[in-house]
Structure formats: C-alpha cells, structure tokens
Amino acid sequence: GVGALVGHFSSYGIDKDFIKAAQDKVTEGTSAVFLMTSDAVPDKVTAAIKESGLDFELFYTNLSDEQEAQLREDFAG
C-alpha cells in the first residue's frame, strides 16, 4: 500500500517521509483532512483550528507551482 502511494504521489513532489508521517498518524479510529491551498500561512491555519476546539495535529508540505497545477488537474477530472 505505502509503496504504491509513494510512487504515485512522489510525481507531485510529495515525498515518502510525508506520506509515512500521514500513515503513522492516521490510524484506525482517527481521520484526516487533506487540504490544498495557495498562500496559506501554517500558523494562521493552526490558530483557526485550535479556536474550533478540535484535537488535531497539523503537518504540511510545499509544492512548486507546476506540481500544484498537475495535482489540481489530476484531481479535477
């Protein structure tokens, strides 16, 4: 499973360490939200989620403009 994910998402610039971290944190009985934004400030996102009272952990990665465009195109279709 993880090998296939790493291979698929590495073409978008999402490295195996990020995928592994997500796999380690999202376990049975938990959930995850994957959010793709442009110009988001992680500190502001963290503050907004904390204000909601949710128990969460935020981790993120950055993509080049080209990688982001490809990801958006692939998921739009």
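## Pocket, core and salt bridges

Helices α1, α2, α3 and α4 each contribute at least two residues to the lining of the largest pocket. The model discussed here is predicted. Of these elements, α2 gives the most to that lining, with 5 residues. The lining of the largest pocket comprises 36 residues in total, and those nearest the pocket centre are F18, V33, F34, L35 and F59. The space in this pocket is about 1,400 Å³.

Confidence varies along the chain. The mean pLDDT of the protein chain is 80, and 88% of the residues score at least 70. Among the elements, α3 has the highest mean pLDDT, at 87, while helix α1 (residues 2-10) has the lowest, at 62. Helix α1, with that lowest mean, is also one of the helices that supply at least two residues to the pocket lining.

The largest nonpolar core has 6 residues: F9, Y12, I14, F18, I19 and L71. F18 belongs to this core and is also among the residues nearest the centre of the largest pocket. Leaving aside residues up to four places away in sequence, Y12 is in contact with L63, Q67, Q70, L71 and D74. One of these contacts, L71, is a fellow member of the core.

Charged side chains are the next topic. Side chains of opposite charge can pair when their charged atoms come close. How many salt bridges does the structure hold? There are 3 of them, set out below.

| Salt bridge | N to O distance |
|---|---|
| K20 and D24 | 2.8 Å |
| K25 and E57 | 3.3 Å |
| E68 and R72 | 3.0 Å |

K20 and D24 both lie in helix α2 (residues 16-25); they are 4 residues apart, so about one helical turn separates them. K20 has a relative accessible area of 41% and is therefore partly exposed. D24, at 43%, is likewise classed as partly exposed.

K25 pairs with E57, with 3.3 Å between the closest N and O atoms. This salt bridge links distant parts of the chain: K25 sits in helix α2, E57 sits in the loop between α3 (42-52) and α4, and the two are 32 residues apart. K25 counts as partly exposed because its relative accessibility is 47%. E57 has a relative accessible area of 51%, so this residue is exposed; the cut-off for that class is over 50%.

The remaining pair, E68 and R72, has an N to O distance of 3.0 Å. Both residues are in helix α4, 4 residues apart, and so are separated by about one helical turn. Is E68 buried or exposed? E68 counts as buried because its relative accessibility is 15%, and the limit for buried is under 20%. R72, at 37% relative accessibility, counts as partly exposed. The E68 and R72 salt bridge therefore joins a buried residue to a partly exposed one.

Helix α4, which contains E68, spans residues 65-76. Which residues does E68 touch, not counting those up to four places away in sequence? The contacts of E68 under that condition are M36, T37, S38 and L63. L63 appears here as a contact of E68 and also among the contacts of Y12.

Methods:
Residues numbered from 1 in each chain as written. Heavy atoms only, no water. Core = buried A, V, L, I, M, F, W, Y, C linked by side-chain atoms within 4.5 Å. Buried < 20%, exposed > 50% of the residue type's maximum accessible area, 1.4 Å probe, protein only. Contact = heavy atoms within 4.5 Å. Salt bridge = Lys/Arg side-chain N within 4 Å of Asp/Glu carboxyl O. pLDDT = per-residue confidence, 0-100. 1 Å grid on protein atoms, 1.4 Å probe; cavity = no way out; pocket = protein on both sides within 12 Å on 5 of 7 lines; lining within 4 Å. Points joined across faces, edges and corners; volume = space filled by probe spheres on them.
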